[in-house]
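Please look over the sequence and the model below before reading on. The text then takes the helices in turn, followed by the loops.

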Amino acid sequence: MTALNEYQLAALRTASIDNERPLDALGLARDALGLTGEAGECADLVKKHVGHGHALDKEKAAKELGDTLWYVAVIAARLGYTLETVAQMNVDKLRKRYPEGFSSAASIARVDVAPAETADSVDSKPPSYFFGGDAP
Ligand SMILES: [Mg+2]
């Protein structure tokens, strides 16, 4: 087992996931909001440093990154992915998109995004809770 998956298991010890309904709307929304909240806490430290002249508290920033990672691990589990798989998917995407390293041209070209992936491969049916359980 990789260190990432070991971390994910450790994170899940303190997660609140209904294993019968890992994608329940309230839990998923709580964790997604938690993810952005923790990322915002890290961004706020940088804002205060860059914009307000505060000293950059690197340890506090690292802890906020850890909080962010916790939510990433939990959301990945809700989606049925290990953290290792999520990380590998990202590495694969970036290797395909930027085979020679980052460039603006490659960023614009986005060769890893096939036209069919942008619309057809996405589940466009709204979740049942969107219609109060009476989705057509
Ligand atoms: Mg935090």
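What follows is a walk through the fold, from the overall layout to single residues.

The model is predicted. Its protein chain contains six helices and zero strands, so in sequence order the pattern is α-α-α-α-α-α. Of the 136 residues in the chain, 9% are buried. Among the contacts with a separation of 6 or more, 60% join residues that are 24 or more positions apart.

A convenient place to begin is helix α3. This helix covers residues 58-79 and supplies seven residues to the largest nonpolar core, more than any other element. That core has eight residues in all: Trp70, Tyr71, Ala73, Val74, Ile75, Ala76, Ala77 and Leu83. As a general matter, nonpolar side chains in soluble globular proteins tend to be buried together. The buried residues of α3 are Glu64, Trp70, Tyr71, Ala73, Val74, Ile75, Ala76 and Ala77. What covers them includes α1 (3-12), α2 (25-52) and α4 (83-97). Ala73 gives an example at the level of one residue: leaving out residues up to four places away in sequence, Ala73 touches Tyr7, Gln8, Ala11 and Leu83.

The length of α3 can be checked against its residue count. With 22 residues at 1.5 Å a residue, α3 should span 32 Å, and its end C-alpha atoms lie 31 Å apart, so the two values agree. Just after α3 comes Gly80, with a positive phi of about 90 degrees.

The same check can be made on α2. Its 28 residues should span 40 Å at 1.5 Å a residue; the end C-alpha atoms of α2 are 38 Å apart, which agrees. The residue that follows α2 is Gly53, and its phi is also positive, near 80 degrees.

Next comes the packing of α2 on α3. The axes of these two helices are 9 Å apart, and the angle between them is about 160 degrees. An angle over 145 degrees counts as roughly antiparallel, and α2 and α3 are therefore roughly antiparallel to each other. The crossing of α2 past α3 is left-handed. On the α2 side the residues that meet α3 are Leu28, Asp31, Ala32, Gly34, Leu35, Glu38, Ala39, Glu41, Cys42 and Leu45. Their counterparts in α3 are Lys60, Ala61, Glu64, Leu65, Asp67, Thr68, Tyr71, Val72, Val74, Ile75 and Arg78.

How do the axes of α1 and α3 cross? They come within 9 Å and cross at roughly 90 degrees, and the two helices are therefore roughly perpendicular to each other. Tyr7, Gln8, Ala11 and Leu12 of α1 make this contact with Trp70, Ala73, Val74, Ala76 and Ala77 of α3.

Helix α1 also packs against α4, at an angle of about 130 degrees and with the axes 7 Å apart. That angle makes α1 oblique to α4. Here Leu4, Asn5, Tyr7 and Gln8 of α1 meet Leu83, Glu84 and Ala87 of α4. Tyr7 and Gln8 thus appear in the contact with α4 and in the contact with α3. Leu83 of α4 is in turn one of the residues of the largest nonpolar core.

The loops come next. Asp18 lies in the loop between α1 and α2. Is Asp18 buried or exposed? Asp18 is exposed, because 11 other C-beta atoms lie within 10 Å, and 12 or fewer is the cut-off for exposed. Not counting residues up to four places away in sequence, Asp18 touches Asp24 and Gly27. The C-alpha atoms of Asp18 and Arg78 are separated by 9.1 Å, although the two residues are 60 apart along the chain.

Further along, Tyr98 sits in the loop between α4 and α5 (104-109). Tyr98 has 15 C-beta neighbours inside 10 Å and so counts as partly exposed. Apart from neighbours within four places in sequence, Tyr98 is in contact with Ser103 and Ala106. Between Tyr98 and Asp112 the C-alpha to C-alpha distance is 9.2 Å, with their positions 14 residues apart in sequence.

The last loop residue to consider is Arg110, in the loop between α5 and α6 (115-119). Arg110 is not a glycine, yet its phi is positive, at about 45 degrees. With 12 C-beta neighbours inside 10 Å, Arg110 counts as exposed.

Conventions
Residues numbered from 1 in each chain as written. Predicted model: local features only at pLDDT ≥ 70, side-chain atom pairs only at ≥ 80, totals over all residues. Core = buried A, V, L, I, M, F, W, Y, C linked by C-beta atoms within 7 Å. Buried ≥ 20, exposed ≤ 12 C-beta atoms within 10 Å, placed from the backbone. Helix = DSSP H or I, 4+ residues; strand = E, 2+ residues; numbered from the N terminus. Contact = placed C-beta atoms within 7 Å. Expected span 1.5 Å × (residues − 1). Axes fitted to C-alpha atoms, helices over the stretch in contact; angles between N-to-C directions. Parallel < 35°, antiparallel > 145°, perpendicular 65-115°, else oblique. Left-handed = near helix turned anticlockwise from the far one by under 90°.
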